[in-house]
Amino acid sequence: MPTIYEGSLAPPSGRFALIAARFNSAIVDQLVAGALDALKRHGVTDDAIDIVRVPGSFEIPLVAQRLAGSGQYVAVICLGAVIRGETGHYDYVAGEAASGVARAALATNVPVIFGILTCDTLEQAINRAGAKSGNKGFDAALTAIEMVNLLRNLPK
Ligand code: INI
């Protein structure tokens, strides 16, 4: 029988940081609400959650790396919405946000979760922020909890 390591969704001790872009705030606010809902439903109390606002998704990685490296947080949840229809530099903003979030996690060994929507249309973004296709902020928060517990369970 192999040994299987998994992260539970039990509330982990420690603080969570949410980073939320102000760009496309009508969408991102819904992602924040979804993330807070998931954290609370899984036993993480308000006083263990800090929210940091940044101008746009492009700014998320720098702040994510700073927070993850601070030793103050067990996970950092990144929330934003990059919508292709609204920008000629979609590929740069979306690409840098994604790779920067990944690098922040790898550089700090802290889970830094990618809850940034990358969509072709505003309608797609609305659907992924609490309408037809669930709420990506909620999912990101669950991923954060699972990763914190998984990393604690893995052998040293
Ligand atoms: N930022 C986003 O979060 N989403 C977008 O769709 C977006 N568009 O469309 O341009 C966007 N741009 C701003 C960018 O994130 C930076 O804040 C800006 O370039 C300053 O560095």
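This report describes the sheet, the helices, the nonpolar cores and three single residues of a predicted model.

**The sheet**

Four strands make up an open sheet with parallel pairing, and their order across the sheet is 2-1-3-4. Strand 2 (49–54) and strand 4 (112–119) are the edge strands, each of which pairs on one side only. From one strand to the next, the twist averages 15°. Within the sheet, strand 1 (residues 16–21) and strand 3 (residues 75–83) run parallel and are joined by five bridges. Leu18 has Ile77 in strand 3 as its bridge partner.

Two helices may be described in relation to this sheet. Helix 3 (residues 90–108) lies across strand 3 and strand 4, and runs at about 170° to strand 4. Helix 5 (residues 136–153) also packs on the sheet, where it touches strand 1, strand 3 and strand 4. The direction of helix 5 makes about 155° with that of strand 4.

**The nonpolar cores**

The largest nonpolar core has 31 residues, of which Phe16, Leu18, Leu39, Ile77, Leu79 and Leu117 touch the most other members. Two or more residues are given to this core by each of strand 1, helix 1 (25–41), strand 3, strand 4 and helix 5. Helix 1 provides the largest share, eight residues. Leu39 shows how distant parts of the sequence meet: leaving aside residues up to four places away in sequence, Leu39 touches Phe16, Leu18, Val44, Ile49, Ile77, Ala141 and Ile145. There is also a second, separate core of 22 residues, and Ile60, Leu67, Ala97 and Ala104 are among them.

**Pairs of helices**

The axes of helix 1 and helix 5 come within 6 Å and cross at roughly 40°; the two helices are therefore oblique to each other. Helix 1 passes helix 5 in a right-handed crossing. On the side of helix 1, the contact involves Leu31, Gly34, Ala35, Asp37, Ala38, Leu39 and Arg41. On the side of helix 5, it involves Lys136, Gly137, Phe138, Ala141, Leu142 and Ile145.

A second pair consists of helix 2 (residues 60–68) and helix 3, whose axes come within 8 Å and cross at roughly 15°. This angle makes helix 2 roughly parallel to helix 3. The crossing of helix 2 past helix 3 is right-handed. Helix 2 contributes Ile60, Pro61, Ala64, Gln65 and Ala68 to the meeting, and these residues face Glu96, Ala97, Gly100, Val101, Arg103, Ala104, Ala107 and Thr108 of helix 3.

**Three single residues**

Most residues other than glycine have a negative phi. Asn24 has a positive phi of about 55° although it is not a glycine, and Asn109 likewise has a positive phi, of about 65°. Asn24 lies in the loop between strand 1 and helix 1, whereas Asn109 is found in the loop between helix 3 and strand 4.

The table lists the exposure of these residues together with that of Gln124.

| Residue | Relative accessible area | Class |
|---|---|---|
| Asn24 | 16% | buried |
| Gln124 | 26% | partly exposed |
| Asn109 | 66% | exposed |

Asn24 counts as buried because its relative accessible area of 16% falls under 20%. Asn109 counts as exposed because its value of 66% is over 50%. Gln124 belongs to helix 4 (residues 122–128). Gln124 and Val76 are separated by 48 residues in sequence and by 25 Å in space, C-alpha to C-alpha.

Key. Residues numbered from 1 in each chain as written. Predicted model: local features only at pLDDT ≥ 70, side-chain atom pairs only at ≥ 80, totals over all residues. Heavy atoms only, no water. Pairing = 2+ DSSP bridges. Axes fitted to C-alpha atoms, helices over the stretch in contact; angles between N-to-C directions. Contact = heavy atoms within 4.5 Å. Core = buried A, V, L, I, M, F, W, Y, C linked by side-chain atoms within 4.5 Å. Buried < 20%, exposed > 50% of the residue type's maximum accessible area, 1.4 Å probe, protein only. Parallel < 35°, antiparallel > 145°, perpendicular 65-115°, else oblique. Left-handed = near helix turned anticlockwise from the far one by under 90°.
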